[in-house]
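Colleague: Thanks for sitting down with me over this one. Could you open it up so that we can go through it together?

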There are 2 protein chains.
Amino acid sequence: MIYQLYLYQQSIKIMEKLSDIIFYSIEKSIKSYRQFAQKNISKAGIEITIDQWLVLKTIEEDNSTPQKDIASKTFKDVASITRIIELLVQKGYLSRKSKSEDRRRFELTLTDEGNDIIKKMQPYIQINRAQALKNITDEEIKNLHSTLSKIISNIN
Amino acid sequence: MIYQLYLYQQSIKIMEKLSDIIFYSIEKSIKSYRQFAQKNISKAGIEITIDQWLVLKTIEEDNSTPQKDIASKTFKDVASITRIIELLVQKGYLSRKSKSEDRRRFELTLTDEGNDIIKKMQPYIQINRAQALKNITDEEIKNLHSTLSKIISNIN
DNA sequence: CAAATATAATTGATATATCAATTAAAACAG
DNA sequence: CTGTTTTAATTGATATATCAATTATATTTG
């Protein structure tokens, strides 16, 4: 009886651990990936952060996106976007001027250097992803997606 | 022929999108979870950040862990740990004094208030996790774990 | 149209992440 | 035992996250 209680408590503990750890795993995987990706980029002598690249890339894909939409596309805060754009302009990758139709907004355009760095980054992005996803099947990725989507929708 | 080429290119594009997006999904899920969890904690009037709690919890579980090990357990930098501990001491949740055996290290002990807040947090942590993982089977969690572990080991 | 409201972006304050340099103490090697 | 190396933690600098308050402009409403 006491032994069964012990087993029961153990199994509760184990189950707790399992679900506890899942958010740690998610956190660890994304942190590791970011460090890994950033390291490879820096090693290649490319002077941009992953976050700056992400914002630049978003603007490249559609330069009419308002900053608040850049924020939601990149899962960032509008305040962060303001500051990242500032740095991108400082670094000469981006030009920014007020829009005449709506003077609260800005016309964001990649400079030649901005386009260059996007091109230079491309192979590294792909290599990084390929290495991180090595030996992982499409099926697994689909499942990963599906479970993560469930978590995301449970929360919202 | 041209139509088939089109389909082929589409499928490449779709596959690219899929694997591209996986890191976005991971990032989005963990960011959403953190926001969600932090909001619930704050709403409950508990004045601590998730990161501070995580560090406090790690010390509670084993108060002989050196700061550098706290860092690796929480996937943080030692510099961040130094600063988080500073805040925890300031807030009165933690006491810190030099160790006599090794004066580079510190004796970290939860104060009564520190223990209190850990207790107060407990139900919220569980509710948050339960809600985030609602309708997700153990099987799915196991798979999630397994795929994330693969990613993590591919990177290291 | 004028006043009220809503929206886009910025700014300030505080927390955290990351890297590099530094400090203090411990461990080691000759 | 002394000089060298290693280790634990801190500090400084810069980037990003988050929240709240603010500014400027646009939109809506009476």
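Colleague: Which elements each supply at least two residues of the surface near DNA strand C?

Modeller: Bear in mind that this is a predicted model. Both chains take part around DNA strand C: chain B brings helix 2 (50-61) and helix 4. From chain A come helix 1, helix 3 (67-73) and helix 4.

Colleague: And which residues are the closest to DNA strand C?

Modeller: There are 28 residues around DNA strand C. One of the closest comes from chain B, namely B:Thr49. Chain A adds A:Lys68, A:Thr82, A:Arg83 and A:Arg96.

Colleague: What share of the atoms of DNA strand C within 4 Å of the protein belongs to sugar or phosphate?

Modeller: Side chains reach both kinds of atom. A polar side-chain atom of B:Arg103 is 3.2 Å from a phosphate oxygen of DNA strand C, and one of B:Arg104 is 3.5 Å from a sugar or linking oxygen. Bases make up the rest of the strand atoms within 4 Å of the protein, and the sugar or phosphate share is 71%.

Colleague: Which part of DNA strand C lies 2.6 Å from a polar side-chain atom of A:Arg83?

Modeller: A:Arg83 is among the closest residues to DNA strand C. The partner of its polar side-chain atom, at 2.6 Å, is a base nitrogen.

Colleague: Now DNA strand D. How far is a polar side-chain atom of A:Thr49 from a phosphate oxygen there?

Modeller: A:Thr49 is listed with B:Lys68, B:Thr82, B:Arg83 and B:Arg96 as the closest of the 28 residues around DNA strand D. Sugar and phosphate account for 70% of the atoms of this strand that come within 4 Å of the protein. A:Arg103 has a side-chain N or O atom 3.0 Å from a phosphate oxygen of DNA strand D. For A:Thr49, the distance to a phosphate oxygen is 2.5 Å.

Colleague: How many charged residues does the surface near DNA strand D have?

Modeller: One residue around this strand is B:Arg83, with a side-chain N or O atom 2.6 Å from a base nitrogen of DNA strand D. By class, the surface has seven nonpolar and six polar residues, and the charged ones number 15.

Colleague: Let's turn to the two protein chains. How many salt bridges does the rule find across their interface?

Modeller: In the contact between the chains, 46 residues of chain A meet 46 residues of chain B. One salt bridge joins A:Arg34 and B:Glu27, with N to O at 3.0 Å. Across the interface of chain A and chain B, the count of salt bridges is four.

Colleague: Which helix of chain A gives the most to the side that touches chain B?

Modeller: Polar contacts link 14 residue pairs between the chains. Helix 1 (2-43), helix 2, helix 5 (112-132) and helix 6 (138-155) of chain A each supply at least two residues of the side facing chain B. With 20 residues, the one that gives the most is helix 1.

Colleague: What relation do chain A and chain B have?

Modeller: Chain A superposes on chain B, at an RMSD of 0.0 Å, by a rotation of 180 degrees with 0.0 Å of shift along the axis. That is the relation of a two-fold axis.

Colleague: Which residue of chain A comes closest to the rotation axis?

Modeller: The copies meet through the same surface, because 100% of the interface residues of chain A are also interface residues in chain B. Going by C-alpha, the closest approach of chain A to the axis is 2.9 Å, by A:Leu144.

Terms used:
Residues numbered from 1 in each chain as written. Chains lettered and ligands numbered in written order. Predicted model: local features only at pLDDT ≥ 70, side-chain atom pairs only at ≥ 80, totals over all residues. Heavy atoms only, no water. Near = heavy atom within 4 Å. Polar contact = N/O pair within 3.5 Å; in protein donor to acceptor, adjacent residues only side chain to side chain. Nonpolar A, V, L, I, M, F, W, Y, C, P; charged D, E, K, R; others polar. Contact = heavy atoms within 4.5 Å. Salt bridge = Lys/Arg side-chain N within 4 Å of Asp/Glu carboxyl O. Helix = DSSP H or I, 4+ residues; strand = E, 2+ residues; numbered from the N terminus. Least-squares fit on C-alpha atoms with pLDDT ≥ 70 in both.
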